[in-house]
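User: Could you take a close look at one part of this model with me? I am new to reading structures, so please explain the terms as you go.

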Amino acid sequence: MIDGILALGLAGLLGLVVGSFLNVVIHRLPLMLQAQWDAETTSTPPNAEPFNLAVPRSHCPHCHHPLGWQDNIPLLSFMALRGRCAHCQAPIAWRYPAIELITAGLFTGVVALHGWGLEAMAWAGFSAALVTLAAIDADTRLLPDAITQPLVWAGLLAASLGLSGIGLNEALWGAAAGYLFLWAVFWLFKGVTGKEGMGQGDFKLLAALGAWLGWPALLSLVLIASLTGILGGLALKWRGLLSENGEMAFGPYLVLAGLWVMAFGPLPWFLI
């Protein structure tokens, strides 16, 4: 059994490695989905060159030089290269080490809360999926079914195996009520304004959060996501980054709410 500081250190190292892989998923999965949609909806021939999470090799987006193993060491390579490509000296986006550090912090947190075991592994997987969804939604305004739907089923399985700390009934009703709540808000808003206020990926994400955290957490999740979303929208508007129609991704705020409730539990009743 691994205990104490060693367990936290191993969790952090594992988080750095997983975070490095998440960067690949965040960049490539939307491109893979777009290529699939183009092939299905247009006469565009499929790309002859394979493109997936494994190939082609990682490369600099500026000079397209393939990266060696020494350029792909999580966090350390970024520090050693001083945030620049080793071949063309173009700046490396801060997103990459940030995702690695966030994932490492979350993995360390779940091990601190649950110890080193299957329960911590389940919550680490949950955290990694949420980080991926938040980054993809922030970039593309998409919440891919390839992640949200398995996350719902994983939450139900985790509950049935006693790995999430809630009963299967709580998880099942959390998934159903989470989906139906935002579905109802979507149609109410559309009926009143004639506009779509959110994407259906948000329904599935809240269903996944409900499956992992249970139906009693839903009110806290919606409240935290709504309040942080308002603050985020105001910050974007102040910085001149909000789109002309005022639309923005809601997924990152649902993710933030989910991570908060995972770490600290639902809000006290007097705050709701």
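User: How many salt bridges does the structure hold?

Analyst: The structure holds two salt bridges. A salt bridge here is a side-chain nitrogen of Lys or Arg within 4 Å of a carboxyl oxygen of Asp or Glu. Before we visit them, please keep in mind that this is a predicted model, in which local features need pLDDT of at least 70 and side-chain atom pairs count only at pLDDT 80 or more, while totals for chains, interfaces and linings use all residues. Residues are numbered from 1 along each chain as its sequence is written, and side-chain values use heavy atoms, with hydrogens and water left out.

Let's begin with Lys204 and Asp145, whose closest N and O atoms are 2.8 Å apart. This salt bridge links distant parts of the chain, with Lys204 in helix α7 and Asp145 in helix α5, 59 residues apart. Helices are DSSP runs (H or I, at least four residues), numbered from the N terminus. Lys204 counts as buried because its relative accessibility is 18%. The cut-offs are these: buried means under 20% relative accessible area, exposed means over 50%, and partly exposed is in between (1.4 Å probe, protein chains only). Asp145, at 35% relative accessibility, is partly exposed.

Now find Thr148, which also sits in helix α5. Thr148 has a relative accessible area of 0%, so Thr148 is buried. Setting aside neighbours within four places in sequence, Thr148 is in contact with Lys204 and also with Leu133, Leu143, Gly201, Leu205 and Ala208. Contact means heavy atoms within 4.5 Å. Lys204 therefore turns up twice in our tour: as a salt-bridge partner of Asp145 and as a contact of Thr148.

The second salt bridge joins the side chains of Asp139 and Arg95, at 2.9 Å from N to O. This pair also links distant parts of the chain: Asp139 belongs to helix α4 and Arg95 to helix α3, 44 residues apart. Asp139 is partly exposed, since its relative accessible area is 46%, and Arg95 is partly exposed too, at 29%.

From Arg95 we can follow helix α3, residues 95-114, to Thr108. Thr108 counts as partly exposed because its relative accessibility is 24%. A polar atom of the Thr108 side chain lies 2.8 Å from the backbone oxygen of Ala104. A polar contact is a pair of N or O atoms within 3.5 Å; within protein, one must be able to donate a hydrogen and the other to accept it, and residues adjacent in sequence count only if both atoms are side-chain atoms. Leaving out neighbours within four places in sequence, Thr108 touches Leu8, Ala11 and Gly12. The C-alpha atoms of Thr108 and Gly15 are separated by 7.6 Å, although these residues are 93 apart along the chain.

How do these helices fit into the wider picture? The largest nonpolar core has 62 residues, and those with the most contacts inside it are Leu130 and Leu221. Helices α1 (4-41), α3, α4 (118-140), α5 (145-160), α6 (168-193), α7 (200-213), α8 (218-238) and α9 (251-264) each supply at least two residues of this core. Its largest share, 13 residues, comes from α4. A nonpolar core is a set of buried Ala, Val, Leu, Ile, Met, Phe, Trp, Tyr and Cys residues joined through side-chain atoms within 4.5 Å. In soluble globular proteins, nonpolar side chains tend to be buried together. Not counting residues up to four places away in sequence, Leu221 touches Leu206, Leu209, Leu213, Ala257, Gly258 and Val261.

There is nonpolar surface as well. Leu6, Leu10, Leu13, Leu14 and Trp116 form a nonpolar patch on the surface, with about 450 Å² of accessible area together. Patches are made of residues with over 30% relative accessible area and no salt bridge, with like charges joined within 9 Å and nonpolar side chains (Val, Leu, Ile, Met, Phe, Trp, Tyr) joined within 5 Å. The areas come from the Shrake-Rupley method with a 1.4 Å probe, and for residues only the protein chains shown count as cover. One patch member, Leu6, is found in helix α1; Leu6 is exposed because its relative accessible area is 55%.
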